[in-house]
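Please look over the notes below on how helices pack in this structure. They are meant for a reader who has not seen it before.

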Amino acid sequence: MLGFIIRPRHQLLPLLLCPGLRIPRLSVLCAQPRPRAMAISSSSWELPLVAVCQVTSTPDKEQNFKTCAELVREAARLGACLAFLPEAFDFIARDPAETLHLSEPLGGNLLGEYTQLARECGLWLSLGGFHERGQDWEQTQKIYNCHVLLNSKGSVVAAYRKTHLCDVDIPGQAPMHESDSTMPGPSIEPPVSTPAGKIGLAICYDMRFPELSLALAQAGAEILTYPSAFGFVTGPAHWEVLLRARAIETQCYVVAAAQCGRHHQKRESYGHSMVVDPWGTVVARCSDGPGLCLARIDLSYLRQLRQHLPVFQHRRPDLYGSLGHPLS
């Protein structure tokens, strides 16, 4: 199935021998096959390849960077043009005070290391949720949850600050009060052209708000990305359902890099990083633990699907308003 890179076991062996690096085996999924009329005629090897990285961040920023850098270098070796890292790829702290203490501005040392990494590997990086000390840090003493997109030269081409903050108390899951240390972002970023397609930036909890995904799709997005750190109660119940729903309703690819495993005594994440195609099929997913999965992005298929099923032309804002206003 398009989107999977199934490597023979003997080809995987060298990857598994890399210290600290595990490339998870990808499972072949047969659910929701594409309609025969929309079969792909071009060779899948001609299509852009993206890598979705799954990590277990801790308060140790240096070790987190080493782990992410190994995955990014492996993604580049495998031919990816763009690698996606999850929310809080930089660190996951034990409490709000530690979060504020470990945070940095965009011009700090850590982002400088990722700039060099992108340049070294020659690929784009989606840095899914950087704890950013913004220009108002001195006044607010709060940070932004910032999704940074770097091009292959290491330049920042977009920075989206999370607009929907996760303030929830769910039985069986550690309470989340993101607003204790984080300011909500003031705006949505227009989709950005990349070697894989036009990407709309979002972060984790944003996926619960279809207005955002519809606005990005109407602004031209072909790929929606939701870097995340879902918990173990909401994860099994909502993670895949929401991602597939966002893909189907917008007819976009959805890329979701996720945190996994136990970060420290107070926090654990669900994992299950994945890529969903515009038909709603999960075309790649990570297994348990740190690693990466790979998928090819077929924009001709996306355009064909939108032509056969032109839902955006059939909307009736005169009856129910516009759920996602196009970006200016």
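The points that follow deal with two helix pairs in a predicted model.

1. As general background, two packed helices are described by the angle between their axes and the distance between the axes.

2. Take first helix α2, residues 61-77, and helix α4, residues 109-121. Their axes come within 10 Å and cross at roughly 15 degrees. Angles under 35 degrees count as roughly parallel, and α2 and α4 are therefore roughly parallel to each other. The crossing in which α2 passes α4 is right-handed.

3. On the α2 side, the contact is made by Lys 61, Asn 64, Phe 65, Cys 68, Ala 69, Val 72, Arg 73 and Ala 76. On the α4 side, Leu 110, Glu 113, Tyr 114, Leu 117, Glu 120 and Cys 121 take part. Sorted by class, this contact of α2 with α4 has 9 nonpolar, 1 polar and 4 charged residues.

4. The other pair is helix α6, residues 210-218, and helix α7, residues 234-250. Here the axes are 10 Å apart, and the helices pack at an angle of about 40 degrees. α6 and α7 are therefore oblique to each other. Their crossing is right-handed.

5. Which residues of α6 and α7 meet? From α6 they are Pro 210, Ser 213, Leu 214 and Ala 217, and from α7 they are Arg 246, Glu 249 and Thr 250. By class, the contact of α6 with α7 has 3 nonpolar, 2 polar and 2 charged residues.

6. To recap the orientations, α2 and α4 are roughly parallel, whereas α6 and α7 are oblique.

Conventions:
Residues numbered from 1 in each chain as written. Predicted model: local features only at pLDDT ≥ 70, side-chain atom pairs only at ≥ 80, totals over all residues. Heavy atoms only, no water. Axes fitted to C-alpha atoms, helices over the stretch in contact; angles between N-to-C directions. Helix = DSSP H or I, 4+ residues; strand = E, 2+ residues; numbered from the N terminus. Parallel < 35°, antiparallel > 145°, perpendicular 65-115°, else oblique. Left-handed = near helix turned anticlockwise from the far one by under 90°. Contact = heavy atoms within 4.5 Å. Nonpolar A, V, L, I, M, F, W, Y, C, P; charged D, E, K, R; others polar.
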